[in-house]
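This report reads one protein model from its overall layout down to single residues. Please keep the sequence and the coordinates at hand while following the text.

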Amino acid sequence: MEAGGSREREARNYLEKHQIMELLKYLTSVLLFIRPEKPREYLIAILEKLRIAKATGVAFPFFMDHSNIAAMFDMMDSSKKGTISFVQYKEALKTLGLCTADEVLKDDGHAITLDKFKSEVNKRTQEIWSAF
C-alpha cells in the first residue's frame, strides 16, 4: 500500500512543483469565458505563444484582455453602481483560476471597483505565467 501512496505523493509533488493544476485551471477558465469555435486549436495557440514568450524572454501574453475583464465585472455589477462585493470579487478570481477556495483574501470593507478588479486579475495572471 505504501508504494501506491508514494507514487501519489510523487505525482502531487510534481504537479505542485510545476504548477500544472494552476495552469490547467486558468486555461480552462479562459476557454470557458472566451468559448472559441475551435477549442483545441485555441489552447494549442495559447501554449505555443507561451513557449515562444519563454524562449525569447518577452512578456507572457494575457489571454483575458481588458474588455473581457470589464465585461465580467459588468455582469457582476448588476445594479450598475461601479462596484462589486468582496464575495463576488473572490468568486470571480476563483472562476478565473486565480484564487484557490482556501486562499485567504483580506476584505478591507470597501467595495471593489473595476480598476481594482482589473489590477488584481492582471497581477495574479502575471504571477501564474511567470512560474512557467
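What follows describes the fold, the nonpolar core, one helix pair and a few individual residues.

The model is a predicted one, and the statements below should be read with that in mind. The protein has six helices and two strands, and from the N terminus on these elements run α-α-α-α-β-α-β-α. Of its 132 residues, 30% count as buried. Among the contacts between residues at least 6 apart in sequence, 60% join residues that are at least 24 apart.

**The nonpolar core**

The largest nonpolar core has 22 residues, and the members that touch the most other members are Ile84, Tyr89, Leu93, Phe117 and Val121. At least two residues of this core come from each of helix H2 (20-34), helix H3 (39-56), helix H4 (66-76), helix H5 (86-95) and helix H6 (114-130).

Leu93 shows what such a position looks like in detail: once residues up to four places away in sequence are set aside, Leu93 touches Leu98, Cys99, Leu105, Glu120, Val121 and Arg124. One of these partners, Glu120, lies in helix H6 and has a relative accessibility of 13%, so Glu120 counts as buried, the limit being under 20%. With residues up to four places away again left out, Glu120 touches Tyr89 and Leu93, and both of those are among the core members that touch the most others.

Ala92 is placed in helix H5, and because its relative accessibility is 2%, Ala92 counts as buried. Leaving aside neighbours within four places in sequence, Ala92 is in contact with Met72, Met76 and Phe117. Met72 and Met76 fall within the range of helix H4 (66-76), while Phe117 falls within that of helix H6 (114-130).

**How H2 meets H3**

Two packed helices are described by the angle between their axes and the distance between the axes. In the case of H2 and H3, the angle is about 130° and the axes are 11 Å apart; the two helices are therefore oblique to each other. The crossing of H2 and H3 is right-handed. The residues of this contact divide into 11 nonpolar, no polar and no charged. On the H2 side they are Leu23, Leu27, Val30, Leu31 and Ile34, and these meet Pro39, Tyr42, Leu43, Ile46, Leu47 and Leu50 in H3.

**Pairs separated along the chain**

Val30 of this contact also appears in the table below, which gives C-alpha separations for two residue pairs.

| Residue pair | Separation in sequence | C-alpha to C-alpha distance |
|---|---|---|
| Ala92 and Phe73 | 19 residues | 8.6 Å |
| Asn68 and Val30 | 38 residues | 9.8 Å |

Asn68, from the second pair, is placed in helix H4, and its relative accessibility of 19% means that Asn68 counts as buried, under the limit of 20%.

**Two loop residues with positive phi**

Most residues other than glycine have a negative phi, and most peptide bonds are trans. Which phi values, then, do Arg35 and Lys80 have? Phi of Arg35 is near 50°, a positive value in a residue other than glycine, and phi of Lys80, likewise positive in a residue other than glycine, is near 60°.

Arg35 lies in the loop between H2 and H3, the helix pair described above, whereas Lys80 is placed in the loop between H4 and strand E1 (83-84). Are these loop residues buried or exposed? At 63% relative accessibility Arg35 counts as exposed, the limit being over 50%, and Lys80, with a relative accessible area of 58%, is exposed as well.

How values were computed. Residues numbered from 1 in each chain as written. Predicted model: local features only at pLDDT ≥ 70, side-chain atom pairs only at ≥ 80, totals over all residues. Heavy atoms only, no water. Core = buried A, V, L, I, M, F, W, Y, C linked by side-chain atoms within 4.5 Å. Buried < 20%, exposed > 50% of the residue type's maximum accessible area, 1.4 Å probe, protein only. Helix = DSSP H or I, 4+ residues; strand = E, 2+ residues; numbered from the N terminus. Contact = heavy atoms within 4.5 Å. Axes fitted to C-alpha atoms, helices over the stretch in contact; angles between N-to-C directions. Parallel < 35°, antiparallel > 145°, perpendicular 65-115°, else oblique. Left-handed = near helix turned anticlockwise from the far one by under 90°. Nonpolar A, V, L, I, M, F, W, Y, C, P; charged D, E, K, R; others polar.
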